[in-house]
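This report describes the strand pairing, the enclosed and open spaces, and the aromatic contacts of one protein chain. The model is a predicted one.

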Amino acid sequence: TVSFSGYPDQVSEVVVSDGQAARLNVAMARMSDAVRVSDVVVVGVREGDARAIMSQRQSMDIKTLGPDVNESYRAFGVNEHGEIRFGLSAIKGMGTPAADAIVAERLKNGPYKNIFDFAERVDFSNVNRKAFESLALSGGFDSFGIRREQYFGKNSKGDTFLDTLVRYGQLYQQEQREAATSLFGGVEAVEIATPPIPEAESWSTIERLNRERELVGIYLSAHPLDDYEIILRNLCNTHCSELGDKVELAKKEDVVFGGIITGVKSKFTKTGKPCGFVTIEDFEGSGELALFGEDWGNWRGIMVEGSTIFVTAKCVSRYGNSNYLDFKISTVEYLQTVKENRLEKFTIIVDSTVIDETLVNDIKTLVENDEGKAQLFLQIHDAETKTNVLLRAQDRTVGVSRDLIQFVNDHPKMSYQIN
């Protein structure tokens, strides 16, 4: 018999063989190295329930990546890793001639080494300043290691880096042509200083992704709701795309959903009352909220384009047993506030057979860099004994970062629970 101190309202003792006890002790010791443990409880569970807990959604086999001047073609293409790359000509402000010129130069003379090499080689008769801007905002230059906002940072003269970069490339190519036809010089005689890359105030994730979306039509490099996926997947019972079906919404005691506001229209009704139509989007799609009179007055302050919100509402009959259904909002909160205050407990569930030093170190690193208020638990599952060992981290809370969630989701023998 192996005994562990546990909670009084739960099983704290289970009978296992010597071999099983040794395996459990090794697993517990390793996981205790990842976080300082204060409480342990062993709970017997049915094997079917354990499989359900351990299940997680399958990731897509093929990744879709944003545009990149060193990997994209005119249309959608596949890189050497089998990942789909967004086509250059599909970027707003680019066009087919610009895309073809960029790809042709790359295929002829090799990948672009950096942003200056790109400016020195690209055909400016096809790739103009607008194309440079579109590439910078859509992420086409991201592989060069310069943040998107830096292209719009200004020097002491008030010129943006994007403008100085285009002028640099044009001057460089002009000097190249003149040197090639000169009687006294050659190509190697061209020496023009590259413009300095300015520092620039960082854009918010929302701003950066919204600019990207304006040019490519969708979020590619990331989604503004990625940091709140755990809230949308676990605390909501309705997708934004379902908001139009009031009959189904009326069957729920509370309608709980969240997302990012992508459009707001403020108007007046024929009787002169203010009203608003709000488009809200989550991972599954978008829907529209129609708010009138005092309802619009109450919530219009928080319902602005770009806001990420968490809504609790009710869909009830307006006149008793009438079929006319009213959608009434109870509360609206920012998703950031919900994540900070409603995630009380985060449990990482892991199979005892996969726990090794590498896994422990990975968890330890992720946890140490994830500040927040949620209490951290580690649950070790032993398939042979159908037993769970629950470890509570002492003096350790987490913010449940996207990196931590992604790490758990990517591991076939790990899953998580909240609260």
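## The S13–S14 hairpin

Strand S13 (residues 374-382) and strand S14 (residues 387-398) are paired in the antiparallel sense, with eight bridges between them. Gln375 has Thr397 of S14 as its bridge partner. Four residues lie between the two strands of this hairpin, and Lys386 takes a positive phi near 55° there.

## The five-stranded sheet

Five strands make up an open sheet with antiparallel pairing, in the order S9-S8-S7-S10-S11. S9 and S11 each have a single partner strand and stand at the edges, so one side of each is left without a neighbour in the sheet. From one strand to the next, the twist averages 45°.

Helix H11 (residues 335-342) packs on this sheet and touches strand S7 (255-268), S10 and S11. The direction of H11 makes about 70° with that of S11.

## Pairing within the five-stranded sheet

From the S9 edge inwards, S8 and S9 run antiparallel and are joined by seven bridges. Ile280 stands opposite Gly287 in S9. The hairpin of S8 and S9 has four residues between the strands, and Gly285 takes a positive phi near 155° in this hairpin. S7 and strand S8 (residues 274-281) are likewise antiparallel, paired over eight bridges. Two of the partnerships are Val264 with Val278 in S8 and Lys265 with Phe277 in S8. In the hairpin of S7 and S8, five residues lie between the strands, and Gly272 takes a positive phi near 95°.

On the other side of S7, six bridges connect this strand to S10, again in the antiparallel sense. Gly259 has Ile309 as its bridge partner in S10. Strand S10 (residues 308-317) is in turn joined to S11 by nine bridges, and the two strands run antiparallel. Here Ser317 is partnered by Leu325 of S11.

## The three-stranded sheet

A further open sheet has three strands in the order S4-S6-S5, and its pairing is mixed. Strand S4 (64-65) and strand S5 (77-78) are the edge strands, each pairing on one side only. S4 and strand S6 (residues 84-85) run parallel and are joined by two bridges. Within this pairing, Leu65 has Arg85 of S6 as its bridge partner.

## The second largest pocket

Which elements give two or more residues to the lining of the second largest pocket? The pocket holds about 220 Å³ of space, and the elements in question are strand S9 (286-292) and strand S11 (325-334). S11 gives the most, with four residues. S9 and S11 are also the strands at the edges of the five-stranded sheet.

The lining is made up of Lys246, Ala290, Leu291, Phe292, Asp295, Arg318, Tyr324, Leu325, Asp326, Phe327 and Lys328. By class, six of these residues are nonpolar and five are charged, with no polar residue. Leu325, one of the lining residues, is also the bridge partner of Ser317.

## The cavity

The model contains one cavity of 30 Å³ or more, and the volume of the largest cavity is about 40 Å³. Its lining consists of Asp226, Asp227, Glu229, Ile230, Lys339, Val400, Ser401, Arg402 and Ile405. Helix H8 (229-234) and helix H13 (402-410) each supply at least two of these residues.

The lining of the largest cavity divides into three nonpolar, one polar and five charged residues. Lys339 is among the lining residues, and its number falls within helix H11 (residues 335-342), the helix that packs on the five-stranded sheet.

## Aromatic pairs

A pair of aromatic rings is described by the distance of the centres and the angle of the planes. There are 16 aromatic pairs in the structure. One of them is formed by Phe116 and Phe161, which meet edge-to-face at 6.2 Å centre to centre, with 80° between the planes.

This pair links distant parts of the chain, its two residues being 45 residues apart. Phe116 belongs to helix H4 (residues 115-121), whereas Phe161 belongs to helix H6 (residues 161-181).

Methods
Residues numbered from 1 in each chain as written. Predicted model: local features only at pLDDT ≥ 70, side-chain atom pairs only at ≥ 80, totals over all residues. Heavy atoms only, no water. 1 Å grid on protein atoms, 1.4 Å probe; cavity = no way out; pocket = protein on both sides within 12 Å on 5 of 7 lines; lining within 4 Å. Points joined across faces, edges and corners; volume = space filled by probe spheres on them. Nonpolar A, V, L, I, M, F, W, Y, C, P; charged D, E, K, R; others polar. Pairing = 2+ DSSP bridges. Axes fitted to C-alpha atoms, helices over the stretch in contact; angles between N-to-C directions. Contact = heavy atoms within 4.5 Å. Phe/Tyr/Trp six-rings, centres within 6.5 Å; stacked < 30°, edge-to-face > 60°.
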